[in-house]
Amino acid sequence: MESTETVLDTPGGEKRTCPDEELVHPAKRAREECDEEEPMEGEEDVEGDGETFADMMKHGLTELDVGILKFVSDHKGFSGILKERYSDFVVHEINKEGKTVRLDDLTVPVEEEPLPEPEQQVQVLTEEQKNQLEELQLFKNKEGNVTIEVMEDTKERRTLIHKAVKAMYPGLETKTEERDGRRFIVAYHTAGKRALAGTPSSAASPRKHSWPKSRGSFCHCVLYKENKDTMDAINVLSKFLRVRPNVFSYMGTKDKRAITVQEIAVLKISAERIAHLNKCLMNFKLGNFSYKKHPLKLGELQGNHFTVVIRNISGTEEQVEQAMSSLRNTGFINYYGMQRFGTTAVPTYQVGRAILQNNWTEVMDLILKPRPGAEKGYLVRCREEWARTQDPEAALKKLPVKRCVEGQLLRGLSKYGKKNIVTAFGLIPRNNRLMYIHSYQSYVWNTMVSQRIQDFGLKAVPGDLMLSGGKAHVLSEQEAEKHTIHDVVMPLPGFDVIYPTHVVGQAYRDMLASDGLDIDNMRHKIRDYSLAGAYRRIIIRPQDVSWEVIHYDDPRIPLVQTDVEKLEGKPPPAFPKEGKYRALRMEFSLPPSTYATMAIREVLKMDTSIKNQTQLNTTWLN
């Protein structure tokens, strides 16, 4: 799958291209429900009065706007294409035991539940019934069903038929129906619309298969996915298994524009049923099944292992060696990436700041007011209607779906009135509301870390903070000599953290004061919006760093062998000694909540903002 490419700049004045959709920001998560529908006939996807995308993106954010200012290495940057294909970015989860999660086994554990012997299966199903069931299973008859009349109507006979269908045709459900005094077993596909919509009132409810007591309640498995984020993938799986998404658990969410491999757990769904989805779904694979007594918890992972390809590089062997050696030996500044702040003229941290200021009129205005930049046409019209009338119901009518942040806020204002903004804002899901506040914390942290690097460089100094036994500790002069920059942490502002005692500590106080906030009183009237704060390492040194420069001739060929290709026995990509293009293939492992784009930024010395990429692209093309 090819993508739109954008040119990136480097300190040496070189240009390189990079896809516009490379970075996904938190505001997208809050608004993706609004963006999922296509515009109505005759509508343009983006409103702009003839403006180009580059013209509209000139109002967006750059790294400078969110405090991303410094690099740790002094090598010269070089150009290359990042994420030209989603297969150029491969992520493997590292579980809590420190093992890299890989998909390498599609077999299903042996069922402890006794199933009919093959001879019995043959006896209870006719050849015609077996052909019909096979067509239903393979989606040739997806919305239909197969009706089997029970000639010898005993419970034992019905059970035998239910088990025979289950054993021979995983993915099919069965139920018993009574019609005119006769009993029938109806088989239907778990993904069929009729199954999803329920059954007529005369029909019995779907048969619930018993769950062996000796088996753990959770089926753990490895999810391999391509070009889909974790929540989208869970929604697809839940639809096809006819269960609610909340029966799934996982340790972390993964990027959309990538190939990712992670562990998931499903409550009381057998490995057999899950494995059947491998026949039905594109760009998914599930395997490495096991049963356990516990679900997975967010944050339990130790990190992620990345395999990243940067195509068509211009750097010399010496430049690449310097850049990657620096990444391995020193690391990169642990900035929050551009994904954290949005891409439009109204960054998410501004909304977060207004929430902390208790300025709810400003919160409402920032979310709903017209803004320059690239947006869906119906969002543009919704904002214009709000600016013109201040009527939430009228503005709401401009949205084809109401589940985005703007729609949820307007629905709240319509229900509770414009004098009850706090209550109206509460209709937005909690995670999306807290996203704004976390964005403000990230903005402060980025800005302060840039100042810390500017003032003191890459060594520990007296007044810095480090963690000791889970608590922050201020370094003395003697302690600073014994520690390195890799031990130093900086706080995200909150009521339960301490600050550096050197000049950067005062800079925190001054920055918050300029935003009308008291650093000594970070508790909010509304408990949800009280910030406890946290600590974050300022320099991350990736583990398991390796790299190679490879040559290739065809820009369309994949340069990384995937887990699925290995399972299918396909040979790894072969590279000529000389080729038309050169690519840098790098691997490294990062702890949770760190941004691979910030590591790549350090290697290439690039600005990762979409605004900068788009404007450079226009200049380069012209």
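The following paragraphs go through several helices and strands of this predicted model, beginning with an open sheet.

Strands S5, S7 and S6 form an open sheet in that order, with antiparallel pairing. Its edges are S5 (145–149) and S6 (172–179), each of which pairs on one side only. Direction ignored, neighbouring strands of the sheet are turned by 25° against each other on average. Between S5 and S7 (residues 182–189) there are five bridges in the antiparallel sense, and within this pairing Val146 has Ala187 of S7 as its bridge partner. Helix H4 (residues 127–137) packs on the sheet and touches S5, S6 and S7. The direction of H4 makes about 155° with that of S5.

Strand S8 (residues 218–226) comes next. How many of its nine residues are buried? Nine of the nine are, so S8 is largely enclosed by the rest of the structure. In a regular strand, side chains alternate between the two faces of the sheet. From S8, Phe218, His220, Val222, Tyr224 and Glu226 point one way, while Cys219, Cys221, Leu223 and Lys225 point the other way. Both sets are buried, and they include the charged residues Glu226 and Lys225.

S8 pairs with two strands described here, S11 and S10. With S11 (residues 284–292), S8 pairs in the antiparallel sense over seven bridges; Cys219 has Tyr291 of S11 as its bridge partner. With S10 (residues 259–267), S8 is joined by nine bridges, and these two strands also run antiparallel. At the end of S8, Glu226 stands opposite Ile259 in S10.

Helix H8 (residues 271–280) is mostly covered, with nine of its 10 residues buried. The buried residues of H8 are Ala271, Glu272, Arg273, Ile274, Ala275, His276, Leu277, Asn278 and Cys280.

Further along the chain, helix H10 (residues 348–356) and helix H11 (residues 360–368) have axes that come within 8 Å and cross at roughly 160°. Because of that angle, H10 is roughly antiparallel to H11. The crossing of the two helices is left-handed. On the H10 side, the contact is made by Gln350, Val351, Ala354 and Ile355; on the H11 side, by Trp360, Glu362, Val363, Leu366 and Ile367. By class, the contact consists of seven nonpolar, one polar and one charged residues.

H10 also has few residues left open: eight of its nine residues are buried, so the helix is largely enclosed by the rest of the structure. The buried residues are Thr348, Tyr349, Val351, Gly352, Arg353, Ala354, Ile355 and Leu356. Among them, Val351, Ala354 and Ile355 also take part in the contact with H11. After H10 comes Asn358, whose phi is positive, near 65°.

The last stop is Gln408, in helix H14 (residues 405–416). Is Gln408 buried or exposed? At 9% relative accessibility, Gln408 counts as buried, because the cut-off for buried is under 20%. Neighbours within four places in sequence left aside, Gln408 is in contact with Lys402, Arg403, Ala424, Leu427, Ile428 and Pro429.

Conventions. Residues numbered from 1 in each chain as written. Predicted model: local features only at pLDDT ≥ 70, side-chain atom pairs only at ≥ 80, totals over all residues. Heavy atoms only, no water. Axes fitted to C-alpha atoms, helices over the stretch in contact; angles between N-to-C directions. Helix = DSSP H or I, 4+ residues; strand = E, 2+ residues; numbered from the N terminus. Parallel < 35°, antiparallel > 145°, perpendicular 65-115°, else oblique. Left-handed = near helix turned anticlockwise from the far one by under 90°. Contact = heavy atoms within 4.5 Å. Buried < 20%, exposed > 50% of the residue type's maximum accessible area, 1.4 Å probe, protein only. Pairing = 2+ DSSP bridges.
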